[in-house]
Every structure is written in structure tokens, then in C-alpha cells.
Amino acid sequence: MSESYAFIGLGHLGGNLAASLIRNGFAVTVFDRDPTAVERLVALGATAASSPADAAARAGNAISCLPSPKVSEAVLAGPGGLLEGLPKGGTWIEMSTNGRDEILRLAALASAKGVETLECPVTGGVHLAAAGKITALVGGDPALYARHRPAIEAMCAKSFLMGPVGSAAVIKVITNMLAFIHLVAAGEALMLARRGGLDLAQAYHAIVASSGNSFVHETESQLILNGSYDIGFTMDLALKDLCFALAMGKDFGVPLSLASHVKAIFEVGKQEYGGSAWSTQIVKLLEDTVGTDLRAPGFPAKLEL
């Protein structure tokens, strides 16, 4: 018999992850502050709950996918939170991106209530989450991972057990740091192509087939060339993750000069376009600076498989 799960946080990422669980036959009880997000999942077969505690009490295990450690702590340990509903022996699977210190502290709060923690941030983008093809980065006890692996594999095409709780936070922050560095680099490359008189669509495809290619160029450059920039991930979230990376660099004694420079660029991007602007609009900063847009026909407004 498969485990039952509460799912808290049904935004761009969480809503798709929860839908994959339902699609694969898991019993899912959902809660989100946005009633429309809840309605979408109920239409797919989820049960609605009145609070995180209510959802956790009904399911016995809980998954959360939330925008910040502050929100994660409120959902886990605040009034009406998961720890009020989860039974002893239940599991909290945290799919949000946290710093290592944050997830260790939150896992300790759960442990004090007899609840075990798996950290399970995901990487690859909202479009891969929608298709159940995103990658999970897992930190926690191997036996607990094995117990919940069917659910993780229902949501994610690949999963990597990185070590104890805290390990997945480190690798997730590393992957996001690389993605933002690659995004700024891809924008500069496309602008060189544009100002150099090249056909941008042809330049895009040439880079994809070159030693300079990256996952970010293959995916996010398409949204830049379309002009939608709609990656489903905001400037605020990018800055949160870059702050995590720089904090880890300080803790581990690693100078992160590229990440520091990219964070400064994103701070300017937030000033110009707001924290809720898509992270890919960081390239618009360069477009606006040089007065040249990066548009080419034939590219999608949203990423699809």
C-alpha cells in the first residue's frame, strides 16, 4: 500500500509536483493560501484541507514546496503548522530550497516532535516538473529515502541521495548558482551575436551544438529570444539562492568571485524590474543598457517538452 501525503505550497513548482503524485495514484491532501491553486489540484483528484496541520493529520506524511526558509518554518512549526498534525513516525519532505543551516535547524524542530525529515529540493525547471521529469536532490537517512522513493520517483525522473540532511541544500544551491551565472553569460553571448550582425536563431542553434552550450542556454535563451522571459522563477528567488551560495562560500572558505558579480547584477535587475519579475529578465538589463533587443522568430513563450 502506498504512502499518503499532504502537499503544502502549490505554486509554479509545487502545483506540478503535486499533480504528478496524483497522476501516479497517490492519495494527496493539499493546502495553499491561494484557493485557485487548491481548486486546480482538487479537480485532478486531491482532497482539500483547512490548514497544513489538517492536511498532515489526514495524510500522516507531508511535503512542502515553499518560497523561503521563513515560510517553511511558519508552515512547519507555526500555529496550524505541519507539526501540529503529523503523527510521531511521520515524515516531512521539504522540497523548498534552503540553506544548510536552515534545513538542519528545521529538521531538529521536527525531530523534537518525533517527525523525520527528508530534504528533497528539485532542479531542472518548472517545465520538467510539469512532465514529471525534474531531478530530485535528496538529503536524509537512506532507509527513509527508500521508504518514500516511490513518491519521489512519481514526481521526479532522477533522484540523487547526496548524504545526510543538509547535503542536498549544498548541491541545490550550487546548481542554482551555476544556472544564474550561465544565464548572465548566455545573455552576453547572444548580445555579442546580435551586435555582430548574426542571425540570432542560427546563433542560438550553433551555440547549442558547440562546446559553449549549457542547459540554461538550451532552455532559457529560448524565452529571451521569444521576449516572454516566462521561466516561472523570480528575481527575488534568484537573489535568495545567490545569497545562500555566498554564505556557503564564506562558511567553507571558498571565494566566489563570479557568484558575487552575478548577485550584484541581479540586485540591479531587481531595482529595475522588481523582485517579482522573471529571473530571465536579467538579460533585459543588458538589452536596455545597449538599446538592442534579442528577438528571433520561432521560439516559444513557455518551455515545453
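In this predicted model, Q281 makes contact with Y229, M235 and Y273, leaving aside residues up to four places away in sequence. Q281 itself sits in a loop, the one that links α13 (257-273) to α14 (282-290). Being in a loop doesn't put this residue out in the open: the relative accessible area of Q281 is 16%, and since buried means under 20%, Q281 counts as buried.

L128 is another buried residue, this time at 14% relative accessibility. Its place is in helix α7, which covers residues 126-130. Once residues up to four places away in sequence are set aside, L128 touches K133, I134, F215 and L305. There is also A157 to consider, 29 residues from L128 along the chain, with 9.1 Å between the two C-alpha atoms.

Turning to charged pairs, the count of salt bridges comes to 11. As background, side chains of opposite charge can pair when their charged atoms come close. One of these bridges joins E153 to R149, with 2.7 Å from N to O. Both residues belong to helix α8 (residues 142-155), and their spacing of 4 residues is about one turn of that helix. The spacing fits a general rule: an α-helix has 3.6 residues a turn, so residues three or four places apart point the same way. As for exposure, E153 is partly exposed at 44% relative accessibility, and R149 is also partly exposed, at 35%.

A similar arrangement turns up in helix α13, where K263 and E267 lie 4 residues apart, again about one turn. The closest N and O atoms of this K263–E267 salt bridge are 2.5 Å apart. Here the two partners fall into separate classes: K263 counts as buried, at 16% relative accessibility, while E267 is partly exposed, with a relative accessible area of 34%.

The side chains of E287 and R295 form a further salt bridge, at 3.1 Å from N to O. E287 has a relative accessible area of just 3%, so it is buried. R295, on the other hand, comes out at 31% and is partly exposed.

Among the helices, α9 runs over residues 167-195, a stretch of 29 residues. From first C-alpha to last, α9 reaches 43 Å, close to the 42 Å expected at 1.5 Å a residue. After α9 comes G197, and the phi of this glycine is positive, near 85 degrees.

Zooming out to the whole protein chain, the secondary structure adds up to 14 helices and 9 strands. The radius of gyration is 20 Å, close to the 19 Å that the globule rule gives for 305 residues, so the chain is as compact as a globular protein of that length. Along the principal axes, the C-alpha atoms fill a box of roughly 65 × 45 × 35 Å. Of the 305 residues, 53% are buried. Looking at contacts with a separation of 6 or more, 69% of them are between residues 24 or more positions apart. As for the surface, the protein chain exposes about 13,400 Å², and carbon and sulfur atoms supply 56% of that area.

Conventions
Residues are numbered from 1 along each chain as its sequence is written. This is a predicted model: local features need pLDDT of at least 70, side-chain atom pairs count only at pLDDT 80 or more; totals for chains, interfaces and linings use all residues. Side-chain values use heavy atoms; hydrogens and water are left out. Helices (H or I, at least four residues) and strands (E, at least two) are DSSP runs, numbered from the N terminus. The expected span of a helix is 1.5 Å times one less than its number of residues. Buried means under 20% relative accessible area, exposed over 50%, partly exposed in between (1.4 Å probe, protein chains only). Contact means heavy atoms within 4.5 Å. A salt bridge is a side-chain nitrogen of Lys or Arg within 4 Å of a carboxyl oxygen of Asp or Glu. The radius of gyration is taken over C-alpha atoms; the globule rule is 2.2 Å times the number of residues to the power 0.38. Accessible areas come from the Shrake-Rupley method with a 1.4 Å probe; for residues, only the protein chains shown count as cover.
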